[in-house]
Amino acid sequence: MIAYEVTSVVEESLAGRFEQYMRETHIPDVLATGCFQSAVFARSSPGRYRTGYIARTQADLDRYLETHTARLRVDFAAHFPKGVSLAREIWVAVQRWEGQARID
């Protein structure tokens, strides 16, 4: 399992519009690429968000990065040309548990 995570710090005046755009447009568009099996959109404090996309394989993530990111980033920048700073990270699962059971 590969997690592609984007942390966003959003100016307070843009927070409501940012949440709406992410929920109604951006995240559905990313999932529509077929490269990810799920996504989670979370807020830790006002103006600080994390979006995590789960890919089954590195090949799925690579396909997303090579084929889809340019178009989606252009659209994002058109909606938020300033006031949002982004940081991206890729995480590779080492081990996974569900409840008390380890999943290999």
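**Exercise 1. Classify the exposure of arginine 50 and of its salt-bridge partner in this predicted model.**

*Solution.* Step 1. The relative accessible area of arginine 50 is 43%. Buried means under 20% and exposed means over 50%, with partly exposed in between. Arginine 50 is therefore partly exposed.

Step 2. The partner of arginine 50 in a salt bridge is glutamate 5, and the closest N and O atoms are 4.0 Å apart. Since arginine 50 belongs to strand S3 (residues 48-55) and glutamate 5 to strand S1 (residues 2-10), the pair ties together parts that are 45 residues apart in sequence.

Step 3. Glutamate 5 has a relative accessible area of 19%, and this value is under 20%, so glutamate 5 is buried.

**Exercise 2. Determine which elements are linked by the salt bridge between glutamate 19 and arginine 43, and whether each residue is buried or exposed.**

*Solution.* Step 1. The N to O distance in this salt bridge is 2.7 Å. Glutamate 19 is found in helix H1 (residues 15-31) and arginine 43 in strand S2 (residues 38-45); the two are 24 residues apart, and the pair links distant parts of the chain.

Step 2. With a relative accessible area of 15%, glutamate 19 is buried. Arginine 43, at 52%, is exposed.

Step 3. The pair also belongs to a network of salt bridges, in which Glu19, Arg23 and Arg43 are linked. A search of the whole structure finds five salt bridges.

**Exercise 3. Describe the salt bridge between glutamate 98 and arginine 96.**

*Solution.* Step 1. The closest N and O atoms of glutamate 98 and arginine 96 are 2.2 Å apart.

Step 2. The relative accessibility of glutamate 98 is 44%, and the residue counts as partly exposed. Arginine 96 is likewise partly exposed, with a relative accessible area of 36%.

**Exercise 4. State where helix H1 bends and what its buried residues pack against.**

*Solution.* Step 1. The bend in H1 is about 50° and occurs at methionine 22.

Step 2. Among the buried residues of H1 are Phe18, Glu19, Met22 and Val30. The buried residues of H1 pack against S1, S2, S3, helix H2 (58-67), helix H3 (69-79) and strand S4 (84-92).

**Exercise 5. Identify the residues of the largest nonpolar core that touch the most other members, and the element that supplies the largest share.**

*Solution.* Step 1. The core has 22 residues, of which Phe18, Phe36, Tyr53 and Tyr64 touch the most other members.

Step 2. At least two residues of this core come from each of S1, H1, S3, H2 and H3. H1 provides the largest share, six residues.

Step 3. Leaving aside residues up to four places away in sequence, the contacts of tyrosine 64 include Tyr4, Val30, Phe36 and Leu72.

**Exercise 6. Establish whether strand S1 is largely enclosed or open, and how many bridges join it to S3 and to S4.**

*Solution.* Step 1. Eight of the nine residues of S1 are buried, so S1 is largely enclosed by the rest of the structure.

Step 2. S1 and S3 run antiparallel and are joined by eight bridges; valine 9, for example, has arginine 48 in S3 as its bridge partner.

Step 3. S1 and S4 also run antiparallel, with nine bridges between them. Opposite serine 8 stands leucine 86 in S4.

Terms used
Residues numbered from 1 in each chain as written. Predicted model: local features only at pLDDT ≥ 70, side-chain atom pairs only at ≥ 80, totals over all residues. Heavy atoms only, no water. Salt bridge = Lys/Arg side-chain N within 4 Å of Asp/Glu carboxyl O. Helix = DSSP H or I, 4+ residues; strand = E, 2+ residues; numbered from the N terminus. Buried < 20%, exposed > 50% of the residue type's maximum accessible area, 1.4 Å probe, protein only. Bend = angle between axes of the 7 residues up to and from the residue. Contact = heavy atoms within 4.5 Å. Core = buried A, V, L, I, M, F, W, Y, C linked by side-chain atoms within 4.5 Å. Pairing = 2+ DSSP bridges.
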